[in-house]
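Colleague: Could you walk me through this one and defend your labels as you go? I'd like to hear the reasoning behind each term.

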Amino acid sequence: MFFHIELKDIIDIILVALMLYNIFRVMRESRSINVFIGIMIFVVLWLIVSQILEMRLLGSIMDKLVSVGVIGLIILFQEDIRKFLYDLGAHGKMRSLMRIFSQDTKESNVADKEMIMPIVMACQNMSRRKEGALIVMQRSIPLDDIIATGNTIDARIDQLLIENIFFKNSPLHDGAMIITGNRIQAAGCILPVSHDLDIPKELGLRHRAALGICQETDALAVVVSEETGSISVFVGGEMKLRLSTEKLESLLSLKMLKS
């Protein structure tokens, strides 16, 4: 007896293979490859028991485990699922489509000298004094949940204000400053920390937090190292280390204007 295979069956097989390959790749990158192998073994056993051997009792038990297991996997891999969905939504064509329905794009994405220069000058002075700082600039994805973890400032961007917030004896010194548009929204905010193994060992917690927020959103983060005074920029999951003030100004202008 021969199977009748149509074009849609071939497409179906290819799509399933691509889906399994991408799941395998994500699991391998998140160091959960053993979990993936265990899941595949369980699925194969489930198919053999329920479809081939037609063992109704054991098959029904495994059916229940599968239905509950899906919820468990969502909870277990929520960070990986969130990152996948973010990467999907951050695709260039998706972002362009979102801009069509955005009402305040022009107001929130305007970057000019009045916004950028106070940040650049403040970073220059803090770099010279080796005062640590972490400044996050919102782009198209709102950071309301991050802003809620800190203290509300809601002030125009000012060089002296930035330096005073990150002064070593300031109570807001250790947190992150969030800037949206041309306003400092909050300071002392808590950011998600990246556990990427590719981060150089000499980089501290501020740098890991900066990379973490840039991996989960499209925000731009500026870090001034407390140990070396070097200035770094994190955007799109990439690191730009040991920048001069001129390079910092150019990078902020380019990235914020493109957002």
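Modeller: What follows is a run through a predicted model, one label at a time.

Colleague: How many helices and strands are there, and what fraction of the protein is buried?

Modeller: The protein has 11 helices and 7 strands. Of its 259 residues, 34% are buried. Among contacts between residues at least 6 apart in sequence, 59% link residues at least 24 apart.

Colleague: How do you know where to trust the prediction, and where is confidence lowest and highest?

Modeller: By pLDDT, the predictor's own confidence on a scale from 0 to 100. The mean for the protein is 81, with 80% of residues at 70 or more. Confidence peaks in strand S1 (residues 133-137), at a mean of 96, and bottoms out in helix H6 (residues 105-108), at 43. Over residues 100-111 the pLDDT is below 50, and that stretch has 9 contacts in the model beyond near neighbours in sequence. Where pLDDT is low, predicted coordinates shouldn't be read in detail.

Colleague: What is the order of the strands in the sheet, and which ones are called edge strands?

Modeller: The order is S2-S4-S3-S1-S5-S6-S7, an open sheet with mixed pairing. Strand S2 (151-156) and strand S7 (238-243) are called edge strands because each pairs on one side only. From one strand to the next, the twist averages 20 degrees.

Colleague: What makes S5 and S6 a pair?

Modeller: Pairing takes at least two bridges. Strand S5 (residues 220-224) and strand S6 (residues 231-235) have 5 bridges, in the antiparallel sense, so they count as paired. One position to look at is alanine 221, which stands opposite phenylalanine 234 in S6.

Colleague: And what makes S6 and S7 a pair?

Modeller: S6 and S7 share 4 bridges, again antiparallel, and the bar is at least two, so they are paired too. Here phenylalanine 234 has methionine 239 in S7 as its bridge partner. The hairpin of S6 and S7 has 2 residues between the strands, and glycine 236 takes a positive phi near 60 degrees there.

Colleague: Which strands does helix H10 lie across?

Modeller: Helix H10 (residues 205-216) lies across S1, S5 and S6, and runs at about 175 degrees to S5. Angles here go from 0 to 180 degrees between N-to-C directions, so H10 and S5 point in nearly opposite directions.

Colleague: Why is histidine 173 called buried?

Modeller: Its relative accessibility is 5%, and buried means under 20%, so histidine 173 qualifies. Histidine 173 sits in the loop between helix H9 (159-165) and strand S3 (176-180). Leaving out residues up to four places away in sequence, histidine 173 touches Gly132, Ile165, Phe166, Phe167, Lys168, Arg206 and Glu226. A polar atom of the histidine 173 side chain also lies 2.9 Å from the backbone oxygen of phenylalanine 166.

Colleague: Is glutamate 131 buried or exposed, and what makes its approach to arginine 129 a polar contact?

Modeller: Glutamate 131 is buried, because its relative accessible area is 5% against a limit of 20%. The side chains of glutamate 131 and arginine 129 come to 3.2 Å, and the cut-off is 3.5 Å, so the pair counts as a polar contact. Glutamate 131 is placed in the loop between helix H7 (113-129) and S1. Its contacts beyond four places in sequence include Met126, Glu163 and Val224.

Colleague: What makes the phi of aspartate 154 and arginine 242 worth flagging?

Modeller: Most residues other than glycine have a negative phi. Aspartate 154, in strand S2, has a positive phi of about 50 degrees. Arginine 242, in strand S7, also has a positive phi, near 50 degrees.

Colleague: Why is aspartate 154 called partly exposed, and why is arginine 242 called exposed?

Modeller: Exposed means over 50%, and partly exposed runs from there down to 20%. Aspartate 154 has a relative accessible area of 42%, so it is partly exposed. Arginine 242, at 62%, counts as exposed.

Colleague: Last one: how many disulfides are there, and are cysteine 189 and cysteine 214 buried or exposed?

Modeller: A search of the whole structure turns up 0 disulfides. Cysteine 189 is at 4% relative accessibility and cysteine 214 at 2%. Buried means under 20%, so both cysteine 189 and cysteine 214 are buried.

Definitions and conventions:
Residues are numbered from 1 along each chain as its sequence is written. Side-chain values use heavy atoms; hydrogens and water are left out. A disulfide is a pair of cysteine sulfur atoms within 2.5 Å. Buried means under 20% relative accessible area, exposed over 50%, partly exposed in between (1.4 Å probe, protein chains only). A polar contact is a pair of N or O atoms within 3.5 Å; within protein, one must be able to donate a hydrogen and the other to accept it, and residues adjacent in sequence count only if both atoms are side-chain atoms. Contact means heavy atoms within 4.5 Å.
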